[in-house]
Amino acid sequence: MSSVEVTDYRPSDNEPFMNPRQREYFRNKLLSWKDEILRESRLTLENLQEESQNHPDMADRASSESDRSLELRTRDRQRKLIAKIDSALKRIDDGTYGYCEETGDPIGIARLDARPTATLSLEAQELHERREKVYRDE
């Protein structure tokens with residue numbers, strides 16, 4: 001399959017669910033997302049190394065530390081996201097990608113396109129969130 005085909009292709013509900021073309025589409029989407037995150041992480045490391053200077057002004061130092069802390073928290077969230085992306089790629093390989101982990105039903109193309117790491121159908125996710133809210137409110 002040429003990259004032009006994959007680039008121009010958009011999965012739809014009018015074709016068999018998780019056919020080879022859809023799997024390739026989502027694999028490419030996940031891989032490019034992962035590459036983007038890794039590229040941003042490398043830039044962050046470079047910026048942190050460049051800014052590891054000691055600021056003589058306390059306000060500048062506090063601001064710099066605050067920025068660094070926020071950046072590191074963001075990178076930590078992205079590290080966790082990479083694990084989810086890797087998990088989704090494994091599900092593509094083993095044939096379970098696109099199917100709800102709780103019900104086994106198809107998750108839906110629109111949901112997967114918006115959230116390619118989704119593991120629950122919209123209905124199962126809503127039920128999960130309602131249960132979570134009930135436990136939190138108790």
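This is a guided tour of a predicted model, moving from the whole chain to its core and then to a set of charged pairs.

Because the model is predicted, local features are described only at pLDDT of at least 70 and side-chain atom pairs only at pLDDT 80 or more, while totals for chains, interfaces and linings use all residues. Residues are numbered from 1 along each chain as its sequence is written, and side-chain values use heavy atoms, with hydrogens and water left out.

**The whole chain**

Begin with the protein chain in cartoon view, where there are five helices and zero strands, following the pattern α-α-α-α-α along the sequence; helices (H or I, at least four residues) and strands (E, at least two) are DSSP runs, numbered from the N terminus. With the surface switched on, the accessible area comes to about 9,600 Å², of which 50% belongs to carbon and sulfur atoms, as computed by the Shrake-Rupley method with a 1.4 Å probe. Of the 138 residues, 28% are buried, where buried means under 20% relative accessible area, exposed means over 50%, and partly exposed lies in between (1.4 Å probe, protein chains only).

**The core**

Next, select Met 18, Phe 26, Leu 30, Ile 92, Tyr 97 and Leu 112, the residues with the most contacts inside the largest nonpolar core, which has 19 residues. Such a core is a set of buried Ala, Val, Leu, Ile, Met, Phe, Trp, Tyr and Cys residues joined through side-chain atoms within 4.5 Å. Helix H2 (20–50), helix H3 (58–94) and helix H4 (109–114) each give two or more residues to this core, and H3 gives the most, with five. Domain 1 (16–97) and domain 2 (99–137) both contribute residues, so the core lies between them; these bounds come from an automatic or database domain assignment.

Centre the view on Leu 30, which, leaving aside residues up to four places away in sequence, touches Ile 85, Ala 88, Leu 89, Ile 92, Tyr 97, Pro 116 and Thr 117, a contact being heavy atoms within 4.5 Å.

**A buried glutamine**

Move along helix H3 to Gln 78, which counts as buried at 16% relative accessibility. Not counting residues up to four places away in sequence, Gln 78 touches Ile 37 and Glu 40.

**Charged pairs**

Now show the side chains of Lys, Arg, Asp and Glu, among which there are eight salt bridges, each defined by a side-chain nitrogen of Lys or Arg within 4 Å of a carboxyl oxygen of Asp or Glu. Select Arg 27, which is partly exposed at 23% and pairs with Glu 24, the closest N and O atoms being 3.8 Å apart; both lie in helix H2, three residues apart, about one turn of the helix. Arg 27 also forms a salt bridge with Asp 93, with the closest N and O atoms 2.9 Å apart, and this pair links H2 to H3 across 66 residues of sequence. Asp 93 itself is exposed, with a relative accessible area of 57%.

Then select Lys 29 and Asp 113, whose closest N and O atoms are 2.7 Å apart; this salt bridge joins helix H2 to helix H4, the two residues being 84 residues apart. Lys 29 is partly exposed at 25%, whereas Asp 113 counts as buried at 18%. Adding Arg 10 to the selection completes a network of salt bridges that links Arg 10, Lys 29 and Asp 113.

**An annotated span**

Finally, select residues 95–130, where UniProt, in an unreviewed entry, places the feature "domain: Zinc finger DksA/TraR C4-type"; such annotations may be inferred rather than shown by experiment. The end C-alpha atoms of this span lie 29 Å apart, and the span is 42% helix and 0% strand.
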